[in-house]
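User: I'd like to learn how to read a few features off a model. Can we go through them one at a time?

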Amino acid sequence: IQDLERKLNEQGYPLGLRLLPLLLYREPPRTSVRPNRILPLLQFIHGPFWRHLFGRTADAIEHSSTADNEYMISDNEPLVNQYISVPKEMNQLNCAAYVAGMIEGVCDGCGLKAAVSAHNGGTEMWPGKTVFLIRFDEGVVEREGLLDAKK
């Protein structure tokens with residue numbers, strides 16, 4: 001299952017790299033700047049990127065309480081999981097790993113190296129909920145800290 005999710009992630013990565021310039025080109029001139037900080041990048045993924053792919057924004061952005069370099073984007077009803085039949089023996093498979101690859105491509109395209117993975121986070125209210133865990137490299141977090149210290 002992990003191997004299949006890794007392959008889906010690898011297939012989504014180049015698409016994320018190619019979508020980034022397209023979406024920046026389509027943004028209004030005042031907001032078409034490539035995000036170079038963590039928070040503007042996450043807002044870009046949550047807003048224009050998600051809206052382009054799924055016609056709506058993502059449901060939530062959260063910062064991890066355990067690690068400074070981890071952020072989570074939640075989608076309560078991921079479109080990529082709705083129309084895919086998964087065999088019972090592979091019920092842990094999350095096809096949203098493809099979208100995780102696209103998010104990773106966008107992050108890397110902005111110069112913020114990250115590893116992104118998709119996790120099932122189903123609740124009683126949202127059984128198909130998927131959480132995208134974005135783990136930025138330590139160098140990115142250090143740079144962010146230096147930029148915050150200059151302000």
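User: What should the 25 residues of α1 span at 1.5 Å a residue, and how far apart are its end C-alpha atoms?

Analyst: Ground rules before that. This is a predicted model, so local features need pLDDT of at least 70 and side-chain atom pairs count only at pLDDT 80 or more, while totals for chains, interfaces and linings use all residues. Residues are numbered from 1 along each chain as its sequence is written, and side-chain values use heavy atoms, with hydrogens and water left out.

Helices (H or I, at least four residues) and strands (E, at least two) are DSSP runs, numbered from the N terminus. The expected span of a helix is 1.5 Å times one less than its number of residues. For α1 that gives 36 Å, and the end C-alpha atoms are 35 Å apart, which agrees.

User: Where does α1 kink?

Analyst: A bend at a residue is the angle between axes fitted to the seven residues ending there and the seven starting there. In α1 there's a kink of about 25 degrees at L19, shortly before the proline P21.

User: And at which residue does α2 bend?

Analyst: At I45, by about 35 degrees, with the proline P48 following within four residues. Helix α2 covers residues 38-54 and reaches 22 Å from first C-alpha to last, close to the 24 Å expected. Just after α2, G55 has a positive phi of about 80 degrees.

User: Which residues of α1 are buried?

Analyst: Buried means under 20% relative accessible area, exposed over 50%, partly exposed in between (1.4 Å probe, protein chains only). In α1 the buried ones include E5, N9, L19 and L20. Among those buried in α2 are I45 and P48.

User: How much space lies in the largest pocket, then?

Analyst: Rolling a probe the size of a water molecule over the atoms shows where empty space is left. On a 1 Å grid over the protein atoms alone, a pocket is an open set of points where a 1.4 Å probe fits, with protein on both sides within 12 Å along at least five of seven lines; lining residues have an atom within 4 Å of a point. A volume is the space filled by probe spheres set on the points, joined across faces, edges and corners. The largest pocket holds about 180 Å³.

User: Which residues lie nearest its centre?

Analyst: E5, N9, V116, S117 and A118, out of 14 lining residues. β3 gives the most to that lining, with five residues.
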